[in-house]
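Me: Please take a close look at the salt bridges of this structure, with attention to how far each partner is buried or exposed. I would then like the account carried on into the interior.

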Amino acid sequence: GEARAVSPSPAPTLATALLVAAVIVHDRDSDRVLMLRRGPNAKVAPGSWDLPVGKNEPGEPITLSAVRELREETGLAVAAPDLRLAHVVHGRAGAEAPGGFLTVVLATTRWAGEPENREPEKHSRLAWVPIGAPPEETYAPAAEAIAGYRAGRPSVVLTGWDGMPS
């Protein structure tokens, strides 16, 4: 028989996962955490309560992304060395992340300033909520991150992967 060239199957499209930082600000005295309620026009989970969260900028260490986003959204100043790893969420795909996303949740019990809603076009409210009782409308990954942090169990949560909840 004649030798036939076997055409290689197309290579999978590689898309880089979006890197995201979120911050649990824990007021130990009142045992509350700072949360923001997403506005009605939010691209992800409109109307849900979430942690201060935002995208990493190219060339920026994730700890500085957390420091910057916290300041931009709430006005609070935190020092990068005061942040501790609390949780990681790896999503297969997201509203602005067809290649998936990796959210690194960092926690702090030290900060300066009084919180205020600095991005009212993005968030409808900002509030201190009891760490053991976040609002019912809390974005599921944020609720899991807070519960894991409270229990002292940092974990990796997968969402949207085969056999995993989305």
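Reply: In this predicted model, R110 counts as exposed because its relative accessible area is 53%, above the 50% cut-off. R110 forms a salt bridge with D82, and their closest N and O atoms are 3.3 Å apart. R110 belongs to the loop between β6 and β7, while D82 belongs to the loop between α1 (62–74) and β5, so the pair ties together parts that are 28 residues apart in sequence. D82 itself is partly exposed, at 24% relative accessibility.

This pair is one of nine salt bridges in the structure. Another joins D50 to R38, with the closest N and O atoms 2.6 Å apart. Because D50 is in strand β3 and R38 in strand β2, this bridge ties together parts that are twelve residues apart in sequence. Here both D50 and R38 are buried.

E69 and R68 form a further salt bridge, at 3.0 Å between the closest N and O atoms. Both partners count as buried: E69 has a relative accessibility of 7%, and R68 has a relative accessible area of 15%. E69 and R68 also take part in a network of salt bridges that links them with E57, E60 and E72.

A buried polar side chain is found in strand β1 as well, where H26 lies. H26 has 8% relative accessibility and is therefore classed as buried. Its side chain makes a polar contact of 2.8 Å with the side chain of D31. Beyond its neighbours within four places in sequence, H26 is in contact with residues including V33, W111, I131 and Y149.

The interior continues in the largest nonpolar core, which has 15 residues; I24, V33, M35, L51, V105 and I146 touch the most other members. At least two residues of this core come from each of β1 (18–27), β2 (32–38), β6 (101–108), β7 (123–130) and α2 (140–150). Helix α2 supplies the largest share, three residues. Its residue I146 touches I24, V33, M35, L51 and I131, when residues up to four places away in sequence are not counted. Another core, of twelve residues, lies apart from this one and has V25, V78, L83 and V104 among its members.

In α2, the buried residues are A142, A145, I146 and G148. Seen down the helix axis they fall within an arc of 165°, so they line one face of α2. Among the elements covering these residues are β1, β2, β3 (49–50), β5 (84–91) and β6.

Terms used: Residues numbered from 1 in each chain as written. Predicted model: local features only at pLDDT ≥ 70, side-chain atom pairs only at ≥ 80, totals over all residues. Heavy atoms only, no water. Core = buried A, V, L, I, M, F, W, Y, C linked by side-chain atoms within 4.5 Å. Buried < 20%, exposed > 50% of the residue type's maximum accessible area, 1.4 Å probe, protein only. Helix = DSSP H or I, 4+ residues; strand = E, 2+ residues; numbered from the N terminus. Contact = heavy atoms within 4.5 Å. Arc of directions from axis to C-beta. Polar contact = N/O pair within 3.5 Å; in protein donor to acceptor, adjacent residues only side chain to side chain. Salt bridge = Lys/Arg side-chain N within 4 Å of Asp/Glu carboxyl O.
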